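Welcome! Have the model open beside you and work through the exercises at your own pace.

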Amino acid sequence: MSADLNLAAIGNGTIAALIDKNGRLAWCCWPRIDGDPIFSALLGGEEAAGGFFDVTLDGQTKATRRYQPNTAIIETILENADGAKLRVTDFAPRFKLYDRIYRPSMLVRRIEPLEGTCRVTIRLRPHFQWGAQSPKPVRGSNHMRFAGEDFTVRATTDLPIVYVAEERPFVLSKAATVVLGPDEPFASSIADTARSFEEKTRDYWWEWVRYLSIPFEWQEAVIRAAISLKLCAYEETGGIVAALTTSIPEAPHSIRNWDYRHCWLRDSYFTVRALNMLGATRTMEDFIRYLTTVIASDPSGRLAPVYSIVPGTPLEERFAEALPGFRGMGPVRVGNQAAEQIQNDGYGHVVLAAAQMFFDHRLPNRGDEALFRLLEGVGARAVEFAFEPDAGLWELRGKRRIHTFSAVMSWAACDRLKRIARVLELPERATYWAEEARKIRERILSFAWNEKMGSFVDADSDGQLDASLLLLAELGFVRPDDARYVATVEAIGRELKRNGYLMRYAGEDDFGLPETSFTICSFWYAGALDLIGRREEAREMFTSLLARRNEAGLLSEDIDNQTLELWGNIPQTYSMVGLIDTAMRLSKTWEEAFWRGS
């Protein structure tokens, strides 16, 4: 079965899983979202290799899939030519229990016959050690244990265990349940517990969505994007992964295969910002808790661009040799060498991620002087490294330069610290940070504007067009009506657009010429078009991007400019953030569209 990215995501803030259009569990890391993939068919090659959990209906001719509205619960309907029909419901339990959020390492799969005679085969084939170990199930009366070196997974079911263990076809005459979880006895009725967990999980998501401040237009798309971002947050520590997968190539056979199951300071800021726009501020509060641990981990104040979701865990990059990769396009990488890079935009992203804590009166624990002093330490490093050559936000591995975007983020750190100091009524600190911001801005403008090109450029030497320059007005570095910014937006549209979608840059990097469009850049471009007064063009581009979502409403990192196929890790927080940001910007207001009926 050829892998594709028409995947749906479920999860609960501890684990997450991806399910294909036929209801196959094709990806799930255990016991947390950056762990060993017990299901890795997405990267696993032939079926005999295992790494999946599916329910097959004899003679299946059709499969349809939908999320239960406003939830992370997915339903797959399988049908055959004889009229047999069954429903598979998948979710990870998440609900309030004893005044806490219950979010165990657990997947629940409910299988219900709907019509006709459903003859099914259940194949549960986890593997461990990144595909190197295929454990044999040890049967109990109502469960199977799969033991690995680091953990044991137990599958508990009310089906005859022999059918599951030996993959024997049988007639599904009534609803059945399989629960994957820790190696612990299941003390209550599995059917009743699964139904109860589903109801409570559905109620949790309904309640969470109910309080989102969504735009009038594109509501379904925004809600799905928000839930997807929530699934990328590892709630125990507050870390946020950039995507739920590793090593989906950015383009076919490109070797641009990266592990995104880690916490980039930059990506996390964008995620926090998008959820804050919707009024879901808890992720920000948890991320600030995560950041305090990260900042305290290095007395020098030097920040890495990316950390494990459990700070202190090494991210040394290695290959998982037992997995052939997505469509056989390896390598499969575990860890990320970017953790060793110098990327100086991170200091600004940390300050910006925390800034709303000082201004949002809804928060029970607002930012105080102690948090401000911690952020001042980050700001001091931003000033120190503002013009130090780095790898830039695109993480170039072969060359360091003074990147415009990195320097602008240092300016943003100082600018926001100035504003925070004013709110805290610390005038001396406000004056100090205002002066630091002024000096950094003046130096950036001395090299970032290229008179010959008629645009801002991405670095102090060999400067070129770069999609990150679209953010200069969004960050407040220049005004949207600044002629230099308008010219830059127009130049980027001319030079970086391919078949309607934007590249990050056009020149060669460490791996040659980029082949696919980077999805967030197209959203940035739509936002920039709106800022310079070209709203209809912005809406057209946004509508085109919405059409690129897969059937479950998810976006990956990249779009093939010719085939329009999705490539790259999924669901990509950058891309889902771009959807939310742009929808909030371009939608008619509720007043315009509903109350006034215009």
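The exercises below go through rings, charges, cysteines, the surface and the backbone.

This is a predicted model, in which local features need pLDDT of at least 70 and side-chain atom pairs count only at pLDDT 80 or more, while totals for chains, interfaces and linings use all residues. Residues are numbered from 1 along each chain as its sequence is written, and side-chain values use heavy atoms, with hydrogens and water left out.

**Exercise 1. Classify two aromatic pairs.**

Step 1: start with the rule. Rings of Phe, Tyr and Trp (its six-membered ring) pair if their centres lie within 6.5 Å; planes under 30 degrees apart are stacked, those over 60 are edge-to-face, and the rest are tilted. The count by this rule is 27 aromatic pairs.

Step 2: take phenylalanine 95 and phenylalanine 197. Their ring centres are 5.2 Å apart and their planes meet at 55 degrees, so this pair is tilted.

Step 3: place the two residues. Helices (H or I, at least four residues) and strands (E, at least two) are DSSP runs, numbered from the N terminus. Phenylalanine 95 belongs to strand β9 (residues 95-97) and phenylalanine 197 to helix α2 (residues 190-210), so the pair links distant parts of the chain, 102 residues apart. Both phenylalanine 95 and phenylalanine 197 are buried, where buried means under 20% relative accessible area, exposed over 50%, and partly exposed in between (1.4 Å probe, protein chains only).

Step 4: compare with tryptophan 205 and tryptophan 208. Here the centres are 5.8 Å apart and the planes are at 85 degrees, so the pair is edge-to-face. These two tryptophans, tryptophan 205 and tryptophan 208, are 3 residues apart in helix α2, or about one helical turn. Tryptophan 205 is buried at 0% relative accessibility, and tryptophan 208 is buried at 14%.

**Exercise 2. Find a charge that sits over a ring.**

Step 1: apply the test. NZ of Lys or CZ of Arg must be within 6 Å of the ring centre and within 35 degrees of the ring normal.

Step 2: look at two cases. Arginine 443 has its charged end over the ring of phenylalanine 387, 4.0 Å from the centre. Arginine 202 has its charged end over the ring of tryptophan 206, 5.7 Å from the centre.

**Exercise 3. Describe three salt bridges and their surroundings.**

Step 1: recall the idea. Side chains of opposite charge can pair when their charged atoms come close. The cut-off is a side-chain nitrogen of Lys or Arg within 4 Å of a carboxyl oxygen of Asp or Glu. The structure holds 52 salt bridges.

Step 2: begin in helix α2. Arginine 210 and glutamate 207 form a salt bridge whose closest N and O atoms are 3.9 Å apart. Arginine 210 is exposed at 62% relative accessible area, and glutamate 207 is partly exposed at 39%.

Step 3: move to helix α7 (residues 369-385), where arginine 373 and glutamate 376 are 3 residues apart, about one helical turn. Their side chains, of arginine 373 and glutamate 376, meet in a salt bridge at 2.9 Å, N to O. Arginine 373 is partly exposed at 38%, whereas glutamate 376 is buried at 9%.

Step 4: turn to arginine 416 and aspartate 415, whose side chains also form a salt bridge (2.9 Å, N to O). Arginine 416 is buried at 13%, and aspartate 415 is buried at 5%.

Step 5: look for shared partners. Salt bridges join Arg87, Arg110, Glu112, Glu198 and Arg202 into one network.

**Exercise 4. How many disulfides does the count give?**

Step 1: use the cut-off, a pair of cysteine sulfur atoms within 2.5 Å. The count comes to 0 disulfides.

Step 2: check one cysteine. The closest cysteine sulfur to that of cysteine 263 is in cysteine 232, 11 Å away, which is too far for a bond. Cysteine 263 is buried at 0% relative accessibility.

**Exercise 5. Locate two cis peptide bonds.**

Step 1: go to glycine 330 and proline 331, which are joined by a cis peptide bond with omega about 5 degrees. Proline 331 is in the loop between β22 (318-319) and β23 (333-334).

Step 2: continue to isoleucine 570 and proline 571, where the peptide bond is cis with omega near -20 degrees. Proline 571 is in the loop between β30 (566-567) and α13 (573-586).
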